[in-house]
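User: I am in my first year and new to reading protein models. Please take a close look at one part of this one and walk me through it.

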Amino acid sequence: MSTRKITSADCQSCGICCSPEASSRDGCYDADYVGVTDRDLELMSKALSAEEIGDRVSIGMDDNSCMKLVPKNGMERCAALTGRIGRSCACSIYEVRPGVCREFKPGSEECLEARKNYFERRRGK
């Protein structure tokens, strides 16, 4: 793995943190994906229609909400991610993305771990 500094610009050519194959975050889907808080839903409702939110967010038991996972190019990924992981991609709800996504920092230990997990799992398939 490269030791060069990873910047926010790298995010749009990566997207690995948006895949449960790489994630180790606490949240829904057996601790494999991103939880959505009531505050997150409030922010989303200011920019997205109820249908657009419904396309991306799954309301779980006990009012636990999570970003939906969708299959694309042979793997699951966040329903808000456009493009292709590892190439050109972007968050379709970037301005109103969940808090946990806002807190995720490019080049952080969590970022580097996600990249490592992703490539290890992809090699094993």
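Analyst:
**A close look around Asp-40**

Asp-40 is buried, because its relative accessible area is 6% and the cut-off for buried is under 20%. Keep in mind that this is a predicted model.

Where does Asp-40 lie? It belongs to helix 2, which covers residues 38-47. Now look at its contacts, leaving aside neighbours within four places in sequence. Asp-40 then touches Gly-35, Pro-98 and Gly-99. Ser-65 is 25 residues from Asp-40 along the chain. The C-alpha atoms of Asp-40 and Ser-65 are separated by 9.8 Å.

Follow the contact to Gly-35 next. Gly-35 stands opposite Cys-66 in strand 3. Strand 1 and strand 3 (residues 65-67) pair in the antiparallel sense, over 2 bridges. They are part of an open sheet of 3 strands with antiparallel pairing. In what order do the strands run across this sheet? The order is 1-3-2. Strand 1 (35-36) and strand 2 (57-59) are the edge strands, as each pairs on one side only.

Gly-35 also leads to a residue far along the chain. Cys-101 is 66 residues from Gly-35 in sequence, yet their C-alpha atoms are 9.6 Å apart in space. Cys-101 sits in helix 4, residues 99-103. Is Cys-101 buried or partly exposed? Cys-101 is partly exposed, because its relative accessible area is 24% and buried needs under 20%.

Now go to Val-57, in the edge strand 2 (57-59). Again leave aside neighbours within four places in sequence. Val-57 is in contact with Val-36, Leu-41, Met-44, Ser-65, Cys-66, Met-67 and Lys-68. Two of these names come back in the core.

The largest nonpolar core has 21 residues. Which residues have the most contacts inside it? They are Met-44, Val-57, Met-67 and Ile-93. Helix 2, strand 5 and helix 5 (109-124) each give two or more residues to this core. Helix 2 is also the helix that holds Asp-40.

Strand 5 deserves a stop of its own. Strand 5 (residues 75-78) pairs with strand 4 (residues 69-72). The pairing is antiparallel and has 4 bridges. Lys-72 stands opposite Met-75 in strand 5. The two strands form a hairpin, with 2 residues between them. Asn-73 is in the turn and has a positive phi of about 50°.

Two ring features are worth finding too. Arg-97 lies over the face of Tyr-94, at 3.8 Å from the ring centre. How many aromatic pairs does a search of the whole structure find? It finds 1. Tyr-118 and Phe-119 form this pair, with 5.1 Å centre to centre and 80° between the planes. The pair is edge-to-face. Tyr-118 is buried, at 8% relative accessible area. Phe-119 is partly exposed, at 45%.

Last, check the confidence. The mean pLDDT of the chain is 80. A value of 70 or more is reached by 79% of the residues. Over residues 25-31, pLDDT stays under 50. The model has 23 contacts beyond four places in sequence for that stretch. Where pLDDT is low, the predicted coordinates should not be read in detail.

To retrace the path, start at buried Asp-40. Step to Gly-35 by contact, then across to Cys-66 in strand 3. From Cys-66, a contact leads to Val-57, which is among the core residues with the most contacts.

Technical notes:
Residues numbered from 1 in each chain as written. Predicted model: local features only at pLDDT ≥ 70, side-chain atom pairs only at ≥ 80, totals over all residues. Heavy atoms only, no water. pLDDT = per-residue confidence, 0-100. Contact = heavy atoms within 4.5 Å. Pairing = 2+ DSSP bridges. Phe/Tyr/Trp six-rings, centres within 6.5 Å; stacked < 30°, edge-to-face > 60°. Buried < 20%, exposed > 50% of the residue type's maximum accessible area, 1.4 Å probe, protein only. Lys NZ or Arg CZ within 6 Å of the ring centre and 35° of its normal. Core = buried A, V, L, I, M, F, W, Y, C linked by side-chain atoms within 4.5 Å.
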